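Q: I'm new to this structure and would like a close look at a single part. Could you take me through the packing around one helix?

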Amino acid sequence: MGAVTPLARRARRRAMACNGGGQPGFFDRVYVLVARIPQGRVATYGQIARMLGAPRAARIVGWAMHSNPHGSRVPCHRVIQQSGTCSPNFRVGDPGAQRRLLEREGVRFLLDGRVDLEAHLWRPELDATLRRRKH
């Protein structure tokens, strides 16, 4: 994700204003949650927003992904649109970058170009159940 643009700076200010009277933190909470998405799984912008208790903040999650200051430590490529499509703005000038990164992790795409959400959507509650069964 490239340099912080004026649009991303405005988005951060808006996110801070939406987070309890201007306190910083929503973007940071997004990054912590997205960092938990396992390899080979994807989440949607709306799913992340709902998990953070802000169901109408999917667009703000997108702004956070666009202005990610943590590089590859936060796997932004694992966050996609609700329909299963990759973000058209993931990497400016390289529209196929997000798909390539996901394919390297074993994520399958349907014939129409969408991620196979049935197979790859991250379900943290299911992951926790499976971990408990292994131990």
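A: Here is a walk through helix 2 and its surroundings.

First, some ground rules. This is a predicted model, where local features need pLDDT of at least 70, side-chain atom pairs count only at pLDDT 80 or more, and totals for chains, interfaces and linings use all residues. Residues are numbered from 1 along each chain as its sequence is written, and side-chain values use heavy atoms, with hydrogens and water left out.

Let's start with the core. A nonpolar core here is a set of buried Ala, Val, Leu, Ile, Met, Phe, Trp, Tyr and Cys residues joined through side-chain atoms within 4.5 Å; buried means under 20% relative accessible area, exposed over 50%, and partly exposed in between (1.4 Å probe, protein chains only). The largest one has 23 residues, and those touching the most other members are Phe 26, Val 30, Val 34, Ile 37, Ile 48, Val 61 and Met 65. Two or more residues each come from helix 2 (26-34), helix 3 (45-51) and helix 4 (58-66). Helices are DSSP runs (H or I, at least four residues), and strands are too (E, at least two), numbered from the N terminus. Helix 2 gives the largest share, six residues.

Zoom in on Val 34. Leaving aside residues up to four places away in sequence, Val 34 touches Ile 48, Met 65, Val 74, Pro 75, Cys 76 and Val 79; contact means heavy atoms within 4.5 Å.

Now for the neighbouring helix. Helix 2 and helix 4 pack at an angle of about 75 degrees, their axes 10 Å apart. Axes are lines fitted to C-alpha atoms, for helices over the stretch in contact, and angles run from 0 to 180 degrees between N-to-C directions. The two helices are therefore roughly perpendicular to each other (65 to 115 degrees; under 35 is roughly parallel, over 145 roughly antiparallel, the rest oblique). On the helix 2 side, Phe 26, Phe 27, Val 30, Tyr 31 and Val 34 make the contact, meeting Ile 60, Val 61, Trp 63, Ala 64 and Met 65 of helix 4.

Two of those residues deserve another glance. Phe 27 and Tyr 31 are both buried, and they form an edge-to-face aromatic pair, 6.3 Å centre to centre with 80 degrees between the planes. Rings of Phe, Tyr and Trp (its six-membered ring) pair if their centres lie within 6.5 Å; planes under 30 degrees apart count as stacked, over 60 as edge-to-face and the rest as tilted. Because Phe 27 and Tyr 31 are four residues apart in helix 2, about one helical turn separates them. The structure holds one aromatic pair.
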